[in-house]
Protein chains: 2
Amino acid sequence: MTPGQTVTAFISAVERKDLDAACALLAEDVHYDNVPMSKSDGRDAARAVLAPFVESATKVSWPVHRQTETGNVVMNERTDAFDFPNGSVAIPVMGVFEVNDEGLITLWRDYFDMRTVETALASLT
Amino acid sequence: MTPGQTVTAFISAVERKDLDAACALLAEDVHYDNVPMSKSDGRDAARAVLAPFVESATKVSWPVHRQTETGNVVMNERTDAFDFPNGSVAIPVMGVFEVNDEGLITLWRDYFDMRTVETALASLT
């Protein structure tokens with residue numbers, strides 16, 4: 001897989017709510033940075049950030065609007081949408097990923113507006 | 001110039017505070033979207049958004065940490081820093097650009113955290 005295909009497979013696994021498959025594409029020491037929210041180091045820590053959202057959602061849809069890749073760096077523009085039992089949220093996001101020679105994601109950094117997240121979560125009934 | 005080189009030249013012109021040179025790289029109907037803040041259409045409108053920040057800054061520095069390009073789409077990860085007479089601000093940003101066959105930027109969309117901007121501006125003395 002190219003780095004871009006690895007990122008596509010990762011996003012696809014998240015959308016299937018298959019955290020095992022998603023996290024299998026993360027390097028053991030992956031740095032996962034939600035810029036305005038939290039940073040974490042390590043595959044287990046990344047999973048601990050993702051799990052509450054993914055597991056409580058009835059549907060996860062992260063459409064990628066555009067994706068570019070140069071060397072081992074992949075960037076994409078997405079809408080990260082979750083359907084929860086009590087409503088839906090959809091967050092505009094840009095992410096940057098680095099993929100190592102073993103095809104594992106070593107860096108995942110997402111840029112978004114924290115107030116947009118807070119407002120969306122507060123709208124859940 | 002490749003699309004990536006056009007974007008690099010644009011960022012460089014902004015850093016020189018040369019709005020004429022920067023805006024000469026924007027298509028007349030450019031869509032400029034500061035996701036959590038404002039959207040504008042047209043070169044003149046984009047300039048009107050940029051000018052207050054660039055013209056009141058004593059120094060503009062937008063280091064690009066990573067840049068990727070695929071086809072006519074360019075994405076970058078930057079820190080947009082401004083020195084003002086009353087202090088400095090530095091905002092983590094990801095941007096997506098589309099460049100047309102004439103080498104002009106038709107789309108510029110920046111993702112960042114609005115509260116980070118507000119906090120930085122409020123810290124100016």
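Here are some numbered notes to help you find your way around this predicted model.

1. **How the two chains are arranged.** A good place to begin is the relation between the copies. A turn of 180° with a shift of 0.0 Å along the axis lays chain B on chain A, with an RMSD of 0.0 Å. The two copies are thus related as by a two-fold rotation axis. If you want a landmark for that axis, look for Asp113(B), which comes closest to the axis among the residues of chain B, its C-alpha lying at 2.1 Å.

2. **How the chains meet.** Of the interface residues of chain B, 100% are also interface residues in chain A, so the copies meet through the same surface.

3. **Helix 4 of chain A, buried side.** Please turn next to residues 114–122 of chain A, which form helix 4. Within this helix, Met114(A), Val117(A) and Ala120(A) are buried. Because these three cover an arc of only 130° around the axis, they sit on the same side of helix 4 of chain A. What covers them? The cover includes strand 6 (87–99) of chain A and also helix 4 (114–122) of chain B.

4. **Helix 4 of chain A, exposed side.** Going round to the other side of helix 4 of chain A, you will find Thr119(A) and Ala122(A), which are exposed.

5. **The largest pocket, in chain B.** The largest pocket holds about 290 Å³ of space. Its lining is made up of 21 residues, and the closest to the pocket's centre are Asn34(B), Met37(B), Phe53(B), Asp80(B) and Phe82(B). Two or more lining residues come from each of these elements of chain B: strand 1 (26–34), helix 3 (43–56), strand 5 (73–84), strand 6 (87–99), strand 7 (105–111) and helix 4. By class, the lining of the largest pocket has 17 nonpolar residues, 1 polar and 3 charged.

6. **The largest cavity, in chain A.** How many cavities of 30 Å³ or more are there in the whole structure? The search finds 2. The largest cavity contains about 280 Å³ of space. It is lined by 19 residues, of which Asn34(A), Met37(A), Phe53(A), Asp80(A) and Phe82(A) are the closest to its centre. In chain A, at least two lining residues each are supplied by strand 1 (26–34), helix 3 (43–56), strand 5 (73–84), strand 6, strand 7 (105–111) and helix 4. The lining of the largest cavity divides into 15 nonpolar, 1 polar and 3 charged residues.

7. **The second largest cavity.** About 40 Å³ of space lies in the second largest cavity. Which residues line it? From chain A come Val35(A), Pro36(A), Tyr111(A) and Phe112(A), and from chain B come Ile91(B), Pro92(B), Phe112(B), Asp113(B) and Thr116(B). This lining has 7 nonpolar, 1 polar and 1 charged residues. You have already met Asp113(B), the residue of chain B that comes closest to the rotation axis.

8. **A backbone detail at Lys17.** Most residues other than glycine have a negative phi. Lys17(A) is not a glycine, yet it has a positive phi of about 60°. You can find Lys17(A) in the loop between helix 1 (3–15) and helix 2 (19–23) of chain A, and at 33% relative accessibility it counts as partly exposed. In chain B, Lys17(B) likewise has a positive phi of about 60°. Lys17(B) lies in the loop between helix 1 (3–15) and helix 2 (19–23) of chain B, and it is partly exposed, with a relative accessible area of 34%.

9. **Gly103(B), a buried loop residue.** The loop between strand 6 and strand 7 of chain B contains Gly103(B). Is Gly103(B) buried or exposed? With a relative accessible area of 19%, Gly103(B) is buried, because buried means under 20%. Setting aside neighbours within four places in sequence, Gly103(B) is in contact with Thr6(B) and Leu25(B). Ala27(B) is 76 residues away from Gly103(B) along the chain, and their C-alpha atoms are separated by 8.6 Å.

10. **Val89(B), a buried strand residue.** Strand 6 of chain B includes Val89(B), which is buried with a relative accessible area of 7%. Beyond its neighbours within four places in sequence, Val89(B) is in contact with Asp80(B), Ala81(B), Phe82(B), Phe84(B), Ala120(B), Leu121(B) and Leu124(B). Val7(B) is 82 residues from Val89(B) in sequence, and the two are 22 Å apart in space, C-alpha to C-alpha.

Methods:
Residues numbered from 1 in each chain as written. Chains lettered and ligands numbered in written order. Predicted model: local features only at pLDDT ≥ 70, side-chain atom pairs only at ≥ 80, totals over all residues. Heavy atoms only, no water. Buried < 20%, exposed > 50% of the residue type's maximum accessible area, 1.4 Å probe, protein only. Helix = DSSP H or I, 4+ residues; strand = E, 2+ residues; numbered from the N terminus. Arc of directions from axis to C-beta. Contact = heavy atoms within 4.5 Å. 1 Å grid on protein atoms, 1.4 Å probe; cavity = no way out; pocket = protein on both sides within 12 Å on 5 of 7 lines; lining within 4 Å. Points joined across faces, edges and corners; volume = space filled by probe spheres on them. Nonpolar A, V, L, I, M, F, W, Y, C, P; charged D, E, K, R; others polar. Least-squares fit on C-alpha atoms with pLDDT ≥ 70 in both.
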